[in-house]
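Subject: Structure handover

Hi,

Here is the structure I promised to pass on. Please open it and keep it in view while you read.

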Amino acid sequence: MNFKEITVEVRESVGILTLNAPETLNALTPGMVEEINEAIDYFAQNTRAMILSGAGRGFCSGASLNPSNPLTPMTADRDQRDIGLILENFLNPIMIKLKNLPIPWITAVRGSAAGFGASLALAGDMIIASENAAFIQIFSRIGLIPDGGATHILSRTIGRARTMELMLTGNRLSADKALNWGLINQVVSDDQLEAEAFKTALALANGPTVALSLIRKAVWAAVDANWESSLQTERELQKQAGQTADFDEGVAAFNEKRPATFSGQ
């Protein structure tokens, strides 16, 4: 893999994907999106957990609007302009791929996560933020609506009123307030962000990988399902979990009063 706008690393079964265009606060370009897709596919097959982070002082400023390298060219003819194609062709496939990952993944957020960058940051299974992190639904400031699944994730996590406030005003949400609202999992000092994110990801990577994948699937299904559907989904996925070697190891370790050593099988 030869990447120009991201960096990738595999460390102890943890895949680390870092957006690497700090001069633009890691704005998403066509090239970066292509590289992200390739890296996610690789990690899905070769690691047991993933970290997504951004290089420099910001996590991600969203889709590139720079005329010299926009995520997608914009015609001057408003009647022919379809900004939704950016989502259809570039961004929504990433979000669907991340939702369906067979491994758990976390985001390590430093500085600003704005626009689609905020959606990306908040889509992680777990979100660890530095004390200087901020989440900004900046869309209304440029005459657009939130995307990247932001309306879905925020309204189901922090409720309609708070979601409306953030999206209508475009105001900055601090890491501390995001933690208080239950939108993220942890706030750490800036110099501890990478270490804490890796510690968390490694713990997940050493877990029962198949079961963690099924937990992800069950929780995502429950976000939209009714009570009966959730119970049925749990029943079906529990069958799969109970057929894994990690389940046998977990039961054996429990009965032998020792820590389990999961193989991911």
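Below is what turned up, starting with the sheet and ending with the charged pairs.

One caution comes first. This is a predicted model.

The sheet

Start with the strands. Six of them form an open sheet. Their order is β1-β2-β3-β4-β6-β9, and the pairing is mixed. Which strands sit at the edges? They are β1 (6-11) and β9 (186-188). Each of these pairs on one side only. Neighbouring strands of the sheet are turned against each other by 20° on average, direction ignored.

Now look at the β1 end. Strand β1 pairs with β2 (residues 14-19) in the antiparallel sense. Six bridges join the two. To find your place, look for Val10, which stands opposite Gly15 in β2.

Next, find helix α7, residues 193-205. This helix lies across β1, β2, β3 (49-54), β4 (105-109), β6 (126-130) and β9. Against β6, helix α7 runs at about 165°.

The salt bridges

Side chains of opposite charge can pair when their charged atoms come close. How many salt bridges does the structure hold? There are eight. Here are some to look up.

Arg11 and Glu9: The closest N and O atoms of this pair are 3.1 Å apart. Arg11 is partly exposed, with a relative accessible area of 33%. Glu9 is partly exposed too, at 35%.

Arg258 and Glu249: These two also form a salt bridge, with the closest N and O atoms 2.7 Å apart. Is Glu249 buried or exposed? Glu249 has 16% relative accessibility. Buried means under 20%, so Glu249 counts as buried. Its partner Arg258 is partly exposed, at 31%.

Arg156 and Asp224: Their side chains meet in a salt bridge of 3.3 Å, N to O. Arg156 lies in helix α4 (residues 150-158), while Asp224 lies in helix α8 (residues 209-224). The pair therefore ties together parts that are 68 residues apart in sequence. Arg156 is partly exposed, with a relative accessible area of 45%.

Arg110, Asp190 and Glu194: Here three residues are involved. They are linked in a network of salt bridges.

A good place to begin is the Arg156 and Asp224 pair, which joins helix α4 to helix α8. Then go back to the sheet and trace its order from β1 to β9.

Best wishes

Note on methods. Residues are numbered from 1 along each chain as its sequence is written. This is a predicted model: local features need pLDDT of at least 70, side-chain atom pairs count only at pLDDT 80 or more; totals for chains, interfaces and linings use all residues. Side-chain values use heavy atoms; hydrogens and water are left out. A salt bridge is a side-chain nitrogen of Lys or Arg within 4 Å of a carboxyl oxygen of Asp or Glu. Buried means under 20% relative accessible area, exposed over 50%, partly exposed in between (1.4 Å probe, protein chains only). Helices (H or I, at least four residues) and strands (E, at least two) are DSSP runs, numbered from the N terminus. Two strands pair if DSSP finds at least two bridges between them. Axes are lines fitted to C-alpha atoms, for helices over the stretch in contact, and angles run from 0 to 180 degrees between N-to-C directions. Contact means heavy atoms within 4.5 Å.
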